[in-house]
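Student: I would like to learn how to read burial, contacts and cores from a model. Could we go through one case together?

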Amino acid sequence: MQQERLDAIRLGVRSAGPVRRDRVDEALHRLQWNESPYDFPADLKEEALRRLASLPWSRYPLSGRPWPLIDALAARFRLSPEQVVVSEGSSDLIRAVMAATLQPGDSVVMPTPTFMLYRLNAHLYEGSGVQVPLDATSGFCLPVEALAEAARKHNARLVALCAPNNPTGTRYAEADLRRLAASIPSLLVIDEAYAEFCDQNLTGLLELGNVILLRTFSKFYAMAGARVGYALAAPTLAAELQKVVTVFPLSVFSETVALVALEHHERFLAMRDRVVAERERLAAALAQLPGVIVYPSATNFLLVAVNGRKQALLEHLRDRRRVQISDVAAYPELAHCVRISVGTPEQNDLVIQGFTEMFGE
Ligand SMILES: Cc1ncc(COP(=O)(O)O)c(C=O)c1O
C-alpha cells in the first residue's frame, strides 16, 4: 500500500479532533440542538414540492450563486443584493469568514462560552483563539471593554460572538455591540442565529463597515434539515465573502424551500410566538425548583444550572421521560449546566415532570 501523505494535510486540520459517527436517537424527544419543535408547515412543504416538480433536476441552477434568494433576502432587510451572501447553513459561513481572513497565527477574539464552531474553525485555519470569559454572576453580559482590549492587544483579525449568545441565551444591547465594533481594529462577526426570537435586527451596524452578520433558516424558519444560512455585510466585504462560498452553494431543493419560507414569513412569526410563550412557561416552572437556576433567555433554548446533579438528571430525563437535552459538554465552564431546546407543550411538560421528580421536595 502506498505511504499515506498526511504531511500534505495542513496542521490545523491534522491536529483537529476526528469526525465521529455519532447519530441522534430518533426515539427520543430531541431537545438538544435548538431546533424548531414545529416542523415546516405541511402546506408549505407541498408548495415547495410542487415548484420542485416543475424544475429540471438534471441542470445546475441558472447561475453560480442563488440570486433569486439573495434578492429576496435583500428586500426583506432593505439592503442591496450586493450585501447578501448565501450558503449551506451559517456553519459554512463561519468557515467561509475564517477562510477569507485568517493567516496562521492570527488571533480571533471571542467571548467564552460561545458557539463552539468559532473555536473549531479558527483552529482549522491555524488561527489562535483568544477567549474572554463571560461572567455568570453578572448575567453573562457582554464584556465590551475586555473584548476590545483583547482585540487591540493581540492585533486580532476577527472578533466573533453570537447575539443572542449560544449557549447562554443572553441578549446583547445593540448600543454595546456598536461600541465594540467602533472600538476594535478588526472585523466583528455577529452570529444572529437566534435573533428572530428576540426581534433583534442589527443591520444598522453594517454602516460601520467592519461588521459581518450571520443568520440562518435553521431555527426561526424550522429548516435545519434544508441547510440555508446567509451573511449580511457592507458591499465590499460581502463581495470578498462571495468568492469563498462554493459555486452553486445551494441545491435547487434548499433554495426553493427558503424562497417559500420568506414568502410566508408571518406564518413563522406565529410559530415563534408559540415557542417564546412556551419558553417563558418552561423557565418559570423550572425556576421554582430548589437548586435549579434558569438563566434569562432571548432564544429558543434555556441554559439551566443544576447544582452538581447533571449526570443523574440527563439519565433520568432520557430513561424515564425519553427526552434528550444537551449536556453542553463542549463548554467546560458550564460543567454544572444543561441546555434545553424549547419543545412542544407536551415535550416541555415531560421536561418539567422529569425535573420535578429530580429536584422537587
Ligand atoms: C450560534 C449558532 N450559529 C450557527 C449555528 C448553525 O446554524 P446552521 O444550521 O445555519 O449551520 C448554530 C446552530 O445551533 C448556532 O447555535
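**Reading buried residues and cores**

Tutor: Start with F140, which sits in the loop between β4 (128-133) and α6 (144-153). Keep in mind that this is a predicted model.

Student: Is F140 buried or exposed?

Tutor: Buried means under 20% relative accessible area. F140 has 4% relative accessibility, so it counts as buried.

Student: Which residues does F140 touch, leaving out those up to four places away in sequence?

Tutor: F140 touches L134, D135, T168, T170, Y172, Y295, L303 and L334. As for distance, its C-alpha lies 25 Å from that of L208, and the two are 68 residues apart in sequence.

Student: Where is E192 found?

Tutor: E192 is in the loop between β6 (187-191) and β7 (211-216). Its relative accessible area is 1%, so E192 is buried. Beyond four places in sequence, E192 is in contact with A163, Q200, N201, L202, L213, L214 and R215.

Student: How do I read a nonpolar core?

Tutor: Such a core is a set of buried nonpolar residues joined through side-chain atoms within 4.5 Å. Here the largest nonpolar core has 70 residues, and L69, L161, I190 and F217 have the most contacts inside it. Helix α9 (residues 252-263) gives the largest share of this core, six residues.

Student: Why does this core lie between domain 1 and domain 2?

Tutor: Because domain 1 (6-41 + 266-359) and domain 2 (58-264) both give residues to it. There is also a second, separate core of 25 residues, with L93, M110, A233 and L237 among them.

Student: What does I190 touch, not counting residues up to four places away in sequence?

Tutor: I190 touches L161, A163, L177, L202, L205, V211, I212, L213 and L214.

Student: And where does F217 lie?

Tutor: F217 is in the loop between β7 and β8 (229-233). With 0% relative accessibility, F217 counts as buried. Outside its neighbours within four places in sequence, F217 is in contact with L69, L73, A222, M223, V228, Y230, A258, A261 and L262. The C-alpha atoms of F217 and R152 are separated by 34 Å, with these positions 65 residues apart along the chain.

Student: Which residues form a nonpolar patch on the surface?

Tutor: L6, I9 and V13 form one, with about 240 Å² of accessible area together. V13 belongs to helix α1 (residues 11-14). The relative accessible area of V13 is 40%, so V13 is partly exposed.

Notes: Residues numbered from 1 in each chain as written. Predicted model: local features only at pLDDT ≥ 70, side-chain atom pairs only at ≥ 80, totals over all residues. Heavy atoms only, no water. Patch = residues over 30% accessible without salt bridge, like charges linked within 9 Å, V, L, I, M, F, W, Y side chains within 5 Å. Areas by Shrake-Rupley, 256 points an atom, 1.4 Å probe, with all protein chains shown as cover. Salt bridge = Lys/Arg side-chain N within 4 Å of Asp/Glu carboxyl O. Helix = DSSP H or I, 4+ residues; strand = E, 2+ residues; numbered from the N terminus. Buried < 20%, exposed > 50% of the residue type's maximum accessible area, 1.4 Å probe, protein only. Domains from an automatic or database assignment. Contact = heavy atoms within 4.5 Å.
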